[in-house]
Amino acid sequence: MRQAHVLLDRDFTIGDTDPRLFGAFVEHLGRCVYGGIFEPGHPSADERGFRRDVLDLVRELGPTIMRYPGGNFVSGYNWEDGIGPIAQRPRRLDLAWFSTEPNTFGTNEFVDWCRAAQVEPMLAVNLGTRDGDAARNLVEYCNHPGGTAWSELRRQHGWDQPHDIRFWCLGNEMDGPWQMESKTAAEYGRIAVEAAKMMRWIDPRIELAACGSSGRNMPTFGAWEETVLEHTFDHVEYISLHTYINDYQGDTRALLAAPDLMDRFIDEVVAIADAVAAKRRSPKRIMLSFDEWNVWYRTRRTRAARVKEGWPVAPPILEEIYSMQDALAFGGMCITLLNHADRVKAACLAQLVNVIAPIMTETGGAAWRQTIFHPFADFSRLGRGSVLRTRVECDTFAANYYDPRGTIDQYFPIPAAPHLKLAAVADARGGLNLLLLNRDLQGELSVEISARGFGALALAQAQQLRHDDLTACNTAAAPQRVAPAALKPVSIDGERIRLTLAPASWNAVQLVPA
Ligand code: AHR
């Protein structure tokens with residue numbers, strides 16, 4: 001059996017996790033809104049049309065912040081279409097997903113839904129087809145108490161108190177040619193800084209994220225971040241990152257190694273942001289908002305394919321069905337985010353319901369948990385606290401990850417991926433939480449952890465997600481096919497913890513002071 005030795009100390013921390021690290025994303029895309037979170041007439045819907053079965057699953061999943069309304073959708077969105085009496089709202093062609101947008105759900109409904117789900121709303125503004133003027137009006141509509149045309153309009157619409165939305169994204173993936181009115185870095189930098197200035201003049205408490213690259217494989221990656229931050233450095237708190245990993249090759253080992261490229265991506269963006277700071281001799285540190293991340297490849301479609309389908313309302317698109325293997329890779333991404341808690345201060349799993357999502361629904365029918373639901377729930381539940389530096393000694397494997405997305409096709413070598421990928425979090429009550437991924441597909445992994453600075457520890461909970469069949473999925477008919485079970489054996493002797501991890505398994509362990 002392979003062995004792994006881990007050393008950690010309560011005093012040696014990477015950083016505290018920001019509650020916003022555990023966010024997700026709702027886009028007007030497919031059945032994420034319509035038939036997902038919002039379905040008037042569904043047997044479980046409340047008087048506002050919010051599906052209670054979905055709300056229950058969202059609370060169990062544990063996201064903390066929710067990005068809205070896109071995504072690609074936002075680059076053509078007129079936010080004014082989604083407010084006021086529903087019967088008077090316009091139907092529009094959505095050029096991001098070649099759908100018809102009925103606008104029966106908009107900003108106010110989203111904020112109400114967030115309150116019901118107990119999550120913080122995060123809004124993105126349209127810097128594609130629109131500019132700083134529309135963005136500042138939206139801030140005024142949402143956050144200004146009253147006495148002006150936009151704020152009084154909100155009150156007239158039935159929302160007397162300001163929404164007090166703090167976190168704002170300055171557009172979405174503006175480097176991507178697929179985006180409506182994509183921009184060069186300099187064009188975007190100029191628009192973003194002017195929008196940022198006006199938005200903050202209206203509400204100085206807001207926090208702003210500039211768009212980074214749509215992915216690490218974009219040809220402009222690096223230069224884009226540098227130019228955008230040269231323009232926006234003094235006016236934003238965050239730069240965004242997006243990553244979707246894939247298994248186009250049918251190479252499970254490469255898929256499971258891919259989260260290590262996300263570690264590299266984060267380090268690179270931090271280096272660029274800090275280089276911009278250094279040129280200014282500035283002590284300010286730009287933080288990272290990883291506001292789209294997931295596994296996604298089976299349901300990607302070309303624009304030509306979408307055009308052929310006409311202009312449906314809420315079509316069942318991007319409904320990726322996640323396997324056991326995907327859940328493992330997804331868990332690796334959770335570990336990556338935790339291990340950069342010092343700089344990644346917000347992150348959004350893309351997306352929440354039906355569209356590349358942890359929660360699936362049938363329109364008019366049931367809701368259930370996809371495989372990736374489970375690692376996310378562990379990540380959110382056990383990830384709160386101080387993430388610890390860990391020294392991990394174990395065998396590594398080499399992989400060659402292929403990513404044909406973006407505009408450069410290439411292989412990304414990962415020469416030494418440790419079989420054990422791990423995050424350790426010291427919580428505020430003196431406990432130690434461990435998230436452990438065994439990336440060895442064939443062998444069990446015997447893990448011995450020497451913890452220091454905790455005193456004697458006792459086991460509160462240990463769970464494992466695994467399946468003999470790595471292609472196993474959860475469906476409406478078999479919603480529990482892939483579900484956590486007890487992890488055994490776990491032995492604890494003071495601060496020494498011994499675990500045996502099954503091959504290809506995700507493991508979540510909670511230890512409390514004895
Ligand atoms: O999450 C799906 C899409 O992926 C988003 O709309 C876009 O921002 C990204 O390319």
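1. Angles between helix axes under 35 degrees count as roughly parallel, those over 145 as roughly antiparallel, those from 65 to 115 as roughly perpendicular, and the rest as oblique. In this predicted model, the axes of helix α1 (residues 52–61) and helix α2 (residues 107–117) come within 9 Å and cross at roughly 60°, and α1 and α2 are therefore oblique to each other.

2. On the α1 side, this contact is made by Leu55, Val58 and Arg59, while α2 contributes Trp113, Ala116 and Ala117. Sorted by class, the contact of α1 with α2 has five nonpolar residues and one charged residue, with no polar residues.

3. Within α1, the buried residues are Asp53, Val54, Leu55, Leu57, Val58 and Leu61. The buried residues of α1 pack against α2, and also against β12 (359–361), β13 (367–369) and α11 (373–382). Following α1 comes glycine 62, which has a positive phi, near 90°.

4. A second helix pair involves α3 (residues 132–143) and α4 (residues 149–156), whose axes come within 7 Å and cross at roughly 45°; that angle makes α3 oblique to α4. The crossing in which α3 passes α4 is right-handed.

5. In the contact between these helices, α3 supplies Asn137, Glu140, Tyr141, Cys142 and Asn143, which meet Ala149, Trp150, Ser151, Leu153 and Arg154 in α4. By class, the contact of α3 with α4 has five nonpolar residues, together with three polar and two charged ones.

Notes. Residues numbered from 1 in each chain as written. Predicted model: local features only at pLDDT ≥ 70, side-chain atom pairs only at ≥ 80, totals over all residues. Heavy atoms only, no water. Axes fitted to C-alpha atoms, helices over the stretch in contact; angles between N-to-C directions. Helix = DSSP H or I, 4+ residues; strand = E, 2+ residues; numbered from the N terminus. Contact = heavy atoms within 4.5 Å. Nonpolar A, V, L, I, M, F, W, Y, C, P; charged D, E, K, R; others polar. Left-handed = near helix turned anticlockwise from the far one by under 90°. Buried < 20%, exposed > 50% of the residue type's maximum accessible area, 1.4 Å probe, protein only.
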